[in-house]
Amino acid sequence: MAAQRMAAVDAQFYWMSAKIPNDEFLLYAFDGEPSDYPAAADQVCRRARACPELTTRVRDGSPLTYPRWVSATVAPDRVVRHDLDEQTWAGCLAAVVALAADQLDVRRMPWRLHVFAPVLDIPGVTGPGSVAVMQVAHALADGARAAAMAAWLFGRSHPVPAVRPPRAGLLPWRAAQAARAHRRLERDIGAGLLAPRAGPRPLLPTNARPGPARSVRTLLRRRSQVRGPTVTVGALCAVSAALSNLLGDAAGTLGAEVPMAKPGEPHAHNHFGNVVVGLHPNLGWEARAERIAAELADGRRRFAHPATRYADRAFAAVPAPLLRWGVAQFDADVRPVQVSGNTVVSSVHRGPADLTFGGARVALTAGYPALSPVMGLTHGVHGIGDTVAISVHAAESAVPDIDVYLGLLDAAL
């Protein structure tokens, strides 16, 4: 492939990763072990070599320009097999947490596949199974794009969509267009055509700075068992109830950040934004679900407003030195007085249960959104076929006993 300039939003994720690690970890559990592991690993590498989006790395030469995506060789070391001290589902999840300590160097490889086998007690799997975890640098993909990449590696025929290079444009002109569109957005909000964005809210214990002790857990449900108009809304309602029971009276202002894909053709590997919704723990279940669904719909309508498109174009035109300088000013040690949300709930449906690894069929897929200096508790909601995994990633500093919280979430679901 010809070298391609990295989009500004992707470069921001890349440069910010030096301050806040942001690799993504996509877990896929399979009903069985590969009968021939070397052949299974080689098949993954051959699939990757056939996908231009998976045969790239970053070249970051001059501080005056944006990094570039260049061709990369997919060598056998892209697939790494790990021996578990405890060959159980719990032991595997502990090993997955430990993977975050070794972030990818995107100048060498922006993705890697970790394999654990055999693994016993995988939910929904009767005998020994295997677990594959795709580690992806955020600069390479957002959640939906990373899921498409993993699906290709595991045999799905749909190719990973190509991303058109960022549009050219001068920042002053793009900024003027964005300012006009923003004023129109404010007029539309004032006229009641759009709902305003949620305001900041107080910090809660879940916003504690994550310490080194961290854990992940996953609950499994069939789609029909998740109450609500959508899986995302049902999961948010359950998180609301569980956190309300965990935090008590302090939970009245609960809010969650929900990543949502933006409309339109993507011009960057990351094509999403965060919608903040209130979790309304003081409402009954039906009223809570209705309110959360309405706030998600409001966020979707705001993303569809021209102001979003023009703001993205203006950001894409920011000169590389200016964006590098801006990222360098970020101080991860500064504690804000207020935050957008008290937790994250990232929800992605990863398609039909048609994936295989070494002849074993996929049983479930899960994900554990990264923690950050002001986010000590995150949730992943991931479906494949009719199976939904609701996952928790928590630091002990924010949630002292993750299993107590998991019990509350299990009951709320």
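These are my notebook entries on a predicted model.

Setup. Residues are numbered from 1 along each chain as its sequence is written, and side-chain values use heavy atoms, without hydrogens or water. As the model is predicted, local features need pLDDT of at least 70 and side-chain atom pairs count only at pLDDT 80 or more, while totals for chains, interfaces and linings use all residues.

Entry, core. I looked up the largest nonpolar core (buried Ala, Val, Leu, Ile, Met, Phe, Trp, Tyr and Cys residues joined through side-chain atoms within 4.5 Å). This core has 51 residues, and Tyr28, Leu54, Trp111, Met134 and Phe154 have the most contacts inside it. Elements that each supply at least two residues include α1 (8-16), β2 (24-30) and α9 (320-329). The most comes from α4, with seven residues. Helices (H or I, at least four residues) and strands (E, at least two) are DSSP runs, numbered from the N terminus.

Entry, Thr378. I found Thr378 in strand β16 (residues 377-384). Is Thr378 buried or exposed? Thr378 counts as buried because its relative accessibility is 0%; buried means under 20% relative accessible area, exposed over 50%, partly exposed in between (1.4 Å probe, protein chains only). From Thr378 to Val344 I noted 4.7 Å, C-alpha to C-alpha, with their positions 34 residues apart in sequence.

Entry, Ala50. I placed Ala50 in the loop between α2 and β3 (56-59). Ala50 is exposed, at a relative accessible area of 53%. Its C-alpha lies 44 Å from that of Gly407, 357 residues apart along the chain.

Entry, Asp121. The loop between β6 (111-119) and β7 (129-136) holds Asp121. Asp121 is exposed, with 56% relative accessible area.
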